[in-house]
Amino acid sequence: MRLLNLRVNGDALSTAAPAHWTLLEVLRYRLGLTGSKQGCDKGDCGACTVLVDGKPVLSCLTLAALVEGREVTTIDGLMPAHIRAGGTGADPVQEAFDRCGALQCGFCQPGMMLSARALLNRTPHPTRAEIKDALAGNLCRCTGYTQILQAVELVIAEAGGAAVVPTDWRAELEQ
Amino acid sequence: MLRCPKFELATPTSVAAATRLLADAGPSAMILAGGTDVMPNLKHELFTPALVVSLARIPELNGIRRAEDGSLVIGAMTTIEAVAANSQVRERATVLAQAASLIAGPQLRTMGTLGGNVLLETRCQWYNQSYFWRQALGFCIKKDGTKCHVVEGGAKCVAAASNDSAPALMTLDAELHFESVEGRRSVRIEEFWLGDGVFNKKINAGEILVEITLPSTPSGHRSAYGKLRERGSIDFPLLGVAARLDLGKDERVERADLVITALAARPHRVQRAGEILRGTQVGSEDFVTRVGELARLAHKQCHPLENIPGDAPWRKAMVAVYARRTLLAAAAGTGPVHHL
């Protein structure tokens, strides 16, 4: 057993786990933060994506002990962070995913939304190519990619104050 | 759900402390860099170390700087993302920046390190599987068994070198620097590989890869990387092609180099590349013809096996296509060559 002092979603949390436990296992089975999903568990699918110091990483391949002293953000922390920053309701990324129907089963969504959030924090006005590139490590097996890309575009447009007509991605994808 | 086997974790904060730990622990210790390759392998019980030594808390291993003699020095723990984005690497070692930008997906590039990619474990579809999967089929030559499932009756492991950085660094004449309690050792990457899929690197017990140096490139240096993979967004290479052209007066080729990986245990340098292209003027009809000739030669020299996904005959056919496109991209100063 190893004592772990972690910073997760702005909270300082202490717990203990064996040295070989991953961050994902500690989040889910020690801290009860089940928003991060256990998918392939070997770095293919992106369902376990969390932000460490603002950058998307795979928590299934990160040993928990190695994120001590770093800031971890999971999907569970996105809405509280938005409210702390003076916003109302859920994070705009979560809102947009909801309104665009960017989900079916929802399993990939936490990772997908965190990758999108990290992109928008880094680049507030990404191009379509940049959006696709940023989400390249998150797999959606219900194939809802069209609406997912639409949702990210919606966030960008609304942040700019535009009246929003979601882009029709299908035309472009069929070319 | 895949879980790591039990191990103890050490997080030294200096190279000296890390080498001491490795020397004391002996063969039961294993080094962990970014973890993107070691962690799945641990979960598949391909490695079962008693002690894992993480290099994540050693700041001296991180960063890219230019040495006094003009060479680029890249710390082994510099992330793939940082290598791909670095302006000096992009400008002076384009092929490495392009190769780095095509490694895995964004999360894995954020976590993975250049040193880790250089030392990547060879891959095979009969090896990179869970313990349950492997024992159900019958273990293979690379791990726990005596039979090769790729080459019938094969006595030698043919697991594939799958690191995109390796061919790129070979065209750049990179040098690898190791540290251990015995001191420092440097080796040219060209001489680093062994033709054995079980373990394809000449690295001694207790050594840590600390730095990778790239000698300065001439002003006419052009290079590009081409990568074939199943999904354009994330996979390991089914073929990796690094091309280098050094141009002299009138844009004539002075030096040409072509290295191809994801075939067998070590990257393959295409023989006679320099001989075929030397003296030809980039953009001329002669150049395009010679590039075609070199691509056909590469096709003849490369023998993809059924060791990684993708039909071997298709991958062989693609050798010529990717060699030609990557050489033309290098000449034009574009790239990377990528199907998506």
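## Exercises on strands, salt bridges and a pocket

Both faces of strand S5 of chain B (residues 72-75) are covered, since B:Leu72 and B:Ile74 on one side and B:Val73 and B:Gly75 on the other are all buried. Buried stands for under 20% relative accessible area, exposed for over 50%, and partly exposed for what lies in between (1.4 Å probe, protein chains only). Helices (H or I, at least four residues) and strands (E, at least two) are DSSP runs, numbered from the N terminus.

The model is predicted, so local features need pLDDT of at least 70 and side-chain atom pairs count only at pLDDT 80 or more, while totals for chains, interfaces and linings use all residues. Residues are numbered from 1 along each chain as its sequence is written, chains are lettered from A and ligands numbered from 1 in the order in which they are written, and side-chain values use heavy atoms, with hydrogens and water left out.

### Exercise 1

Determine which strands pair with S5(B), and in what sense.

*Solution.* Two strands are taken to pair if DSSP finds at least two bridges between them. Step one: strand S4 of chain B (residues 64-66) joins S5(B) in the antiparallel sense over three bridges, and B:Val73 in S5(B) is the bridge partner of B:Arg65. Five residues lie between the strands of this hairpin, in which B:Gly70 takes a positive phi near 90 degrees. Step two: S5(B) also pairs in the antiparallel sense with strand S8 of chain B (residues 208-214), over four bridges, and here B:Val73 has B:Thr213 as its bridge partner in S8(B). Step three: in a regular strand the side chains alternate between the two faces of the sheet.

### Exercise 2

Trace the salt bridges of B:Arg244 and state whether its partners are buried or partly exposed.

*Solution.* A salt bridge requires a side-chain nitrogen of Lys or Arg within 4 Å of a carboxyl oxygen of Asp or Glu. Step one: B:Arg244 forms a salt bridge with B:Asp173, the closest N and O atoms being 3.8 Å apart. This pair links distant parts of the chain, with B:Arg244 in strand S10 of chain B (residues 239-247) and B:Asp173 in the loop between helix H9 (165-171) and strand S6 (175-180) of chain B, 71 residues apart. Step two: B:Arg244 counts as buried at 4% relative accessibility, whereas B:Asp173, with a relative accessible area of 29%, is partly exposed. Step three: B:Arg244 also meets B:Asp246 in a salt bridge of 2.9 Å, N to O, and both of these residues are buried. Step four: the network of salt bridges that contains these residues links B:Asp173, B:Glu190, B:Arg244, B:Asp246, B:Arg255, B:Asp257 and B:Arg269. Over all chains, the whole structure holds 28 salt bridges.

### Exercise 3

Locate the salt bridge of B:Arg222 and a residue with positive phi in the loop between S10 and S11 of chain B.

*Solution.* Step one: B:Arg222 forms a salt bridge with B:Glu251, the closest N and O atoms being 2.8 Å apart. B:Arg222 belongs to strand S9 of chain B (residues 221-228) and B:Glu251 to the loop between S10 and strand S11 (253-261) of chain B, so that the pair, 29 residues apart, links distant parts of the chain. Step two: B:Arg222 is partly exposed at 23% relative accessibility, as is B:Glu251 at 36%. Step three: B:Asp250 lies in the loop between S10 and S11 of chain B, and its phi is near 55 degrees, a positive value in a residue other than glycine.

### Exercise 4

Describe the lining of the second largest pocket by residue, element and class.

*Solution.* On a 1 Å grid over the protein atoms alone, a pocket is an open set of points where a 1.4 Å probe fits, with protein on both sides within 12 Å along at least five of seven lines, and lining residues have an atom within 4 Å of a point. Step one: of its 42 lining residues, A:Lys132, A:Asp133, A:Ala134, A:Ala136 and B:Arg109 lie nearest the centre. Step two: H4(A) gives the largest share of the lining, five residues. Step three: the lining has 19 nonpolar, 12 polar and 11 charged residues, where Ala, Val, Leu, Ile, Met, Phe, Trp, Tyr, Cys and Pro count as nonpolar, Asp, Glu, Lys and Arg as charged, and the others, Gly among them, as polar.
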